[in-house]
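Student: I should like to take a close look at one part of this protein, namely its charged side chains and the pairs they form. Could you then place that part in its surroundings, step by step?

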Amino acid sequence: MSELIDQLRHHIRAVIVDPDAMPAYTRDQCILAPAGTPVAVVRAGSVAEVESTIRLAFEHRVPVVTRGAGTGLAGAANALDGGIVLDVSTMNQILDLDPVARTATVQPGVINAQLDTAARKHGLWYVPDPGSRDISSIGGNIATNAGGMCCAKYGVTADHVLTLTAVLGSGEVVHTGALTRKNVAGLDLTKLLIGSEGTLGVIIEATVKLLARPSNTATMVATFPSVRSAIMTVLALSGPENGIEAAAIELMDRTTVQAVNAMTKMGLDEECGAILLAQFDGRESAEQASTAAQVAQANGAEVFYTDDPDEGAALMDARRAALPALERLGTTLLDDVAVPVPRLPELLKRIDEISARHGVTIGTFGHAADGNLHPTIVFDANDEQARDRAQQAFDQIVSAAVELGGTISGEHGIGALKIRYLSQQVGSVERALMSRIKDAFDPRHILNPTRAY
Ligand SMILES: Cc1cc2nc3c(=O)[nH]c(=O)nc-3n(C[C@H](O)[C@H](O)[C@H](O)COP(=O)(O)OP(=O)(O)OC[C@H]3O[C@@H](n4cnc5c(N)ncnc54)[C@H](O)[C@@H]3O)c2cc1C
């Protein structure tokens, strides 16, 4: 190993081998997924340093875990024993922003909100908006195909990426995609890299789409007597009969509302069954919010709506506070499952039953318009029995999603956390095919092995 370290030091300026300095780089935000002890943390400052790292890792057959901002929730950026952590967070320059083409070319470490702020100066919008938008990197968003709040109308990160430059496991550099609005040349390598959780290549540059910023937004807060009445409203708003196209419809159940109130003092109704926060944009946003309010009221809700963008943003912040607020109650095991929207009532019923069966607190919130929920189990990590009960509840929520025709991960990815569930959803022929794709991109399986597929 000392030969590898010497060679890394020869090519790269910032190589950390001091065990005391490593913990800051060895975990993401998923505290329950395993993390190993790396031999080195490389803080790459340039494309050349990334290439050198991968070529040396290839030569020495050493695993590499690429790290963006480390906000992942699946343990996908957790270090592997004896491997290299390749931190690309300081490669954080916006290389080009073209208001006419409506594109931005960025290094991987650019923070999502940093790009959106730059786009805003031109009246443009970088759409993908994970709850971690202020802290997560574009490279990490692409590698996880991050979702967020406005996916129902605008899609996920993959829908906003035009081209990628990546270093493969062999050290070769590939350029994928095209700057055009249409492109069907060859197999879609861009889409393969997106969501691959650092297992197929290290993303070193991306060109993404920017949209015109919507002229108007309107935000509705609807407070319901029960989760069921809130979800029936989501179903009604999703159907064609009201002519409504919400950019976001976010759910918070009572446990989550109480936790958010305790943290933010926002004065939400703590005795409610659930709250829906819905956002509408474009010229007809106020009319759409008004129609949505009528639908919610018909389902027993008390409703408030505003077309003031700042007030709307502040209200949506309540939802963004959901996870940190629940984390204040104890250790959290955050799930990320999605079902077809019409199956949401059944999923919520199953979550209730699981909570009662195992005697665990579950705060459920999430992107209801996408059928993507984050049931979050809160427990005392020092109590072994509570830990076991939390794990069993987690397992059963994942199984429930699959049984309802859904997915074991809507947006956070598989990482180290969910690899043992993958066969519940993906067949053996399909997994073997994924393995052959891995062989082609990463012949020695050095890129984040044992994760994601
Ligand atoms: C409070 C909070 C709210 C969140 N809300 C959402 C949400 O609404 N929607 C959502 O989808 N996620 C959400 N997340 C999860 C997380 O922020 C996303 O998964 C995010 O995309 C991870 O980005 P990152 O830069 O932190 O990546 P990391 O955690 O550093 O890495 C994540 C994965 O991407 C790989 N990777 C990182 N950079 C690169 C690169 N340049 N090349 C190749 N592989 C790379 C890593 O190896 C790892 O597999 C949330 C997290 C928190 C803490």
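Tutor: The side chains of Glu346 and Arg343 meet in a salt bridge, with 2.9 Å from N to O. This is a predicted model, and every value here is computed from it. A side-chain nitrogen of Lys or Arg must lie within 4 Å of a carboxyl oxygen of Asp or Glu for a salt bridge to count, so the distance of 2.9 Å for Glu346 and Arg343 satisfies the rule. Side chains of opposite charge can pair when their charged atoms come close. How accessible are the two partners? Glu346 has a relative accessible area of 35% and is therefore partly exposed. Arg343 is also partly exposed, with a relative accessible area of 29%.

By this rule, the count of salt bridges in the model comes to 13. Another of them joins Arg43 to Asp87, where the closest N and O atoms are 2.9 Å apart. This pair links distant parts of the chain: Arg43 belongs to strand β2 (residues 40-43) and Asp87 to strand β4 (residues 84-87), 44 residues apart. Is each partner buried or partly exposed? Arg43 has a relative accessibility of 26%, so it counts as partly exposed. Asp87, by contrast, has a relative accessibility of 2% and therefore counts as buried. The cut-off needed for this step is that buried means under 20% relative accessible area.

A further salt bridge is formed by Arg320 and Asp129, with their closest N and O atoms 4.0 Å apart. Here too the pair links distant parts of the chain, since Arg320 is in helix α10 (residues 309-320) and Asp129 is in the loop between β7 and α4 (138-144), 191 residues apart. Arg320 has a relative accessible area of 27%, and it is therefore partly exposed. Asp129 has a relative accessible area of 8%, so this residue is buried. Salt bridges may also be joined to one another: Asp116, Arg133 and Arg213 are linked in a network of them.

Let us turn to charged residues in surface patches. Residues of such a patch have over 30% relative accessible area and no salt bridge. Asp269, Glu270, Glu271 and Glu302 gather in a patch of negative charge on the surface. Two of its members can be placed in the chain. Glu270 is found in the loop between α8 (254-264) and β14 (274-281), and Asp269 lies in the loop between α8 and β14 as well. With a relative accessibility of 34%, Glu270 counts as partly exposed, and Asp269, at 39%, also counts as partly exposed. Asp269 can further be compared with Arg254: the two are 15 residues apart in sequence, and their C-alpha atoms are 8.8 Å apart in space.

A patch of positive charge is present on the surface too, where Arg102, Arg181, Lys191 and Lys209 gather. Among these residues, Lys209 is found in strand β10 (residues 201-209). Lys209 has a relative accessible area of 32%, and it is therefore partly exposed.

The surface also carries a patch without charge. Leu187, Leu189 and Leu192 form a nonpolar patch, with about 300 Å² of accessible area together. One of its members, Leu189, lies in helix α6 (residues 189-193). At 38% relative accessibility, Leu189 counts as partly exposed.

Finally, one may ask how aromatic rings are arranged. The structure holds two aromatic pairs. In one, the rings of Trp125 and Tyr154 have centres 4.9 Å apart and planes at 80°, so the pair is edge-to-face. This pair links distant parts of the chain, with Trp125 in strand β7 (residues 124-125) and Tyr154 in helix α5 (residues 151-154), 29 residues apart. Trp125 and Tyr154 are both buried. In the other pair, the ring centres of Phe394 and Tyr421 are 6.0 Å apart and the planes stand at 55°, so the pair is tilted. Phe394 is in helix α13 (residues 384-403) and Tyr421 is in the loop between α13 and α14 (422-425), so that the pair links distant parts of the chain, 27 residues apart. Both Phe394 and Tyr421 are buried.

Definitions and conventions. Residues are numbered from 1 along each chain as its sequence is written. This is a predicted model: local features need pLDDT of at least 70, side-chain atom pairs count only at pLDDT 80 or more; totals for chains, interfaces and linings use all residues. Side-chain values use heavy atoms; hydrogens and water are left out. Patches are made of residues with over 30% relative accessible area and no salt bridge: like charges are joined within 9 Å, nonpolar side chains (Val, Leu, Ile, Met, Phe, Trp, Tyr) within 5 Å. Accessible areas come from the Shrake-Rupley method with a 1.4 Å probe; for residues, only the protein chains shown count as cover. Lys and Arg count as positive and Asp and Glu as negative; His and the chain ends are not counted. The place of a charge is taken as NZ of Lys, CZ of Arg, CG of Asp or CD of Glu. Helices (H or I, at least four residues) and strands (E, at least two) are DSSP runs, numbered from the N terminus. Buried means under 20% relative accessible area, exposed over 50%, partly exposed in between (1.4 Å probe, protein chains only). Rings of Phe, Tyr and Trp (its six-membered ring) pair if their centres lie within 6.5 Å; planes under 30 degrees apart count as stacked, over 60 as edge-to-face and the rest as tilted.
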